[in-house]
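User: Please take a close look at a single part of this model, and explain how that part is held by its neighbours and by charged contacts around them.

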Amino acid sequence: MLTIALLALLCASASANAIQARSSSYNGEYGGGGGHRFSHSGNQLDGPITAIRVRVNKYYIVGLQVRYGKVWSEYVGGSQGDLEEIFLHPGESVIQVSGKYKYYLRKLVFVTDKGRYLPFGKDTGTSFNAVPLHPNTVLRFISGRSGSLINAIGLHWDIYPSDCSSC
């Protein structure tokens, strides 16, 4: 009898693990086909996104850099244009990213869970709107392709890191 109860408990535990909700999702790539691949996947280990730098010129998103916790990612893209920088408030997260592209990225708008809209670039091209697939998840890192401009962007979503003493 004890063996049957133990077996039932083990099966119930395995079933609970099998149906545990996934939290990560991905949107993209939005943009054209050129450039060299980049990914900030390792940067998410430094903490949540806390600031965003975007370089823009008259027509395009030229470059990107994201701060994870207190550490800036490697800058990707070109050097022409104006550099704009936005800092998130403590505990604030990006919950939606929209924008426009043609052969290159032309516009990015980051929307936060505090209701802020952080726009960069020009309002021309094909529109996209990216949100996480799973509830209570936020933008954790970006990837894409770049050269002298940002060719394309991918958006990776997951839960907010629970242990971030350095953020």
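Analyst: What follows is a close look at strand 9, its two pairing partners and the salt bridges around them.

This is a predicted model, in which local features need pLDDT of at least 70 and side-chain atom pairs count only at pLDDT 80 or more, while totals for chains, interfaces and linings use all residues. Residues are numbered from 1 along each chain as its sequence is written, and side-chain values use heavy atoms, with hydrogens and water left out.

Strands here are DSSP runs of E with at least two residues, numbered from the N terminus. Strand 9 covers residues 105–112, and eight of its eight residues are buried, so the strand is largely enclosed by the rest of the structure. Buried means under 20% relative accessible area, exposed means over 50%, and partly exposed lies in between, with a 1.4 Å probe and protein chains only.

Two strands count as paired if DSSP finds at least two bridges between them. Strand 8 (residues 94–101) runs antiparallel to strand 9 and is joined to it by seven bridges, and these two strands form a hairpin with three residues between them. Strand 10 (residues 117–121) also pairs with strand 9 in the antiparallel sense, over five bridges; that hairpin has four residues between its strands, and glycine 115 in the turn has a positive phi of about 85°. Valine 109 of strand 9 is the bridge partner of serine 98, and valine 109 also stands opposite proline 119 in strand 10.

Charged contacts add to this picture. A salt bridge is taken as a side-chain nitrogen of Lys or Arg within 4 Å of a carboxyl oxygen of Asp or Glu, and by this rule the count comes to six. One of them brings together the side chains of arginine 116 and glutamate 92, at 2.8 Å from N to O. Arginine 116 lies in the loop between strand 9 and strand 10, and glutamate 92 in the loop between strand 7 (82–87) and strand 8, so the pair ties together parts that are 24 residues apart in sequence. Arginine 116 is partly exposed at 24% relative accessible area, whereas glutamate 92 is buried at 2%.

Another salt bridge joins aspartate 123 and lysine 100, at 3.4 Å from N to O. Aspartate 123 sits in the loop between strand 10 and strand 11 (126–130) and lysine 100 in strand 8, so this contact links parts that are 23 residues apart in sequence. Aspartate 123 is exposed, with a relative accessible area of 51%, while lysine 100 counts as buried at 18%.
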